[in-house]
Amino acid sequence: MAFDECSDPNDHEYSKLAMERTHRWAEICVKAKRRGDQALFGIVQGGVQPDLRAASAEFIASLDTPGIAIGGLSVGETKEEMHAMLDVVTPLLPENKPRYLMGVGTPEDLINGVLRGVDIFDCVLPTRLARHHSAFSLEGRLNLMNASFARDERPIDEACDCYTCRTFTRAYIRHLIVAKELLAGTLLSIHNLRALIRLMEQIRIDVADGVFEEKAPLLLEQWSNNAQRELMRDTE
Ligand SMILES: [Zn+2]
């Protein structure tokens with residue numbers, strides 16, 4: 001990734017300075033690049049300012065890097081603002097190069113990102129949730145610390161093919177958490193990463209079959225309020 005500066009998204013004046021600095025750095029990075037085994041991506045910045053985002057998308061696209069990253073989103077702005085910025089940026093990017101939305105995100109964010117033309121994501125969420133004993137599931141996020149799992153002999157997700165789900169019960173993972181055994185975080189990370197990868201595998205199949213846009217509302221409904229559903233269960 002080229003250097004970039006992530007600004008306060010609502011500060012237009014500073015976002016413009018940060019965007020211009022990001023563009024200068026991108027040019028320097030392209031000139032400095034020597035190794036043939038790396039794919040240098042430029043990064044689009046511009047806060048939640050449509051004019052800056054459009055200017056940045058056009059400038060970074062003009063550098064002809066192998067792929068293009070969209071930075072400075074998922075930094076505290078609303079989901080509506082993030083979607084609005086993607087709607088400004090992605091139509092201005094070349095169609096034959098991967099677009100990478102940095103630091104995103106939840107299952108819903110992945111679905112909404114692909115709907116807007118994004119190809120690549122990265123996020124700490126699967127491992128961060130694992131450290132907090134939480135697992136992705138279509139039932140809503142499961143907090144394995146919850147006493148209701150103490151004698152639950154099922155895997156986290158019956159339909160999941162990950163090592164954790166094929167090997168261990170919810171009750172055993174809860175036991176590890178209660179015993180403060182770090183293996184709990186490892187097993188939950190394996191499951192959470194696999195859950196997102198399985199979602200993306202399904203999305204790739206749907207895109208290839210030309211049915212993703214049609215199926216996306218159902219996928220979004222399945223994953224909607226996944227986080228809130230955990231809170232509801234914990235207060236039951
Ligand atoms: Zn699993």
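This section describes a parallel strand arrangement, a helix packed against it, the cysteines and a loop serine in a predicted model.

Strands E1 (41-44) and E2 (67-70) run parallel and are joined by four bridges. Within this pairing, Val 44 has Ile 70 of E2 as its bridge partner. Between the two strands the chain passes through helix H2, and the resulting β-α-β crossover is right-handed. E2 also pairs with E3, again in the parallel sense, over three bridges. Here the bridge partner of Ile 70 is Leu 101 in E3. The connection from E2 to E3 leads through helix H3, and this β-α-β crossover is likewise right-handed. Ile 70 thus has bridge partners in E1, namely Val 44, and in E3, namely Leu 101.

The side chains of E2 alternate in direction: Gly 67 and Ala 69 point one way, whereas Ile 68 and Ile 70 point the other way. All four of these residues are buried.

Helix H3 comprises residues 79-89, and its buried residues are Met 82, His 83, Met 85, Leu 86 and Val 89. These residues lie on the same side of H3, because they cover an arc of only 160 degrees around the axis. The packing partners of the buried H3 residues include the strands E1, E2 and E3 (99-101). Two helices, H2 (50-62) and H4 (107-115), are also contacted by the buried residues of H3.

No disulfides are found in a search of the whole structure. For Cys 29, the closest cysteine sulfur belongs to Cys 6 and is 16 Å away, which is too far for a bond, since a disulfide requires sulfur atoms within 2.5 Å. Cys 29 is buried, its relative accessible area being 17%. Cys 162 likewise counts as buried, at 4% relative accessibility. Both values fall under the 20% limit that defines the buried class.

Ser 224 is located in the loop between helix H9 (212-223) and helix H10 (226-235). With a relative accessible area of 23%, Ser 224 is partly exposed. A polar atom of the Ser 224 side chain lies 3.0 Å from the backbone oxygen of Glu 221. Ser 224 is also 6.7 Å from Glu 108, C-alpha to C-alpha, although the two residues are 116 residues apart in sequence.

Definitions and conventions. Residues are numbered from 1 along each chain as its sequence is written. This is a predicted model: local features need pLDDT of at least 70, side-chain atom pairs count only at pLDDT 80 or more; totals for chains, interfaces and linings use all residues. Side-chain values use heavy atoms; hydrogens and water are left out. Buried means under 20% relative accessible area, exposed over 50%, partly exposed in between (1.4 Å probe, protein chains only). The arc is that of the directions from the helix axis to the C-beta atoms. Contact means heavy atoms within 4.5 Å. Two strands pair if DSSP finds at least two bridges between them. A crossover is right-handed if, with the strands pointing away from the viewer, the path from the first strand over the helix to the second runs clockwise. A polar contact is a pair of N or O atoms within 3.5 Å; within protein, one must be able to donate a hydrogen and the other to accept it, and residues adjacent in sequence count only if both atoms are side-chain atoms.
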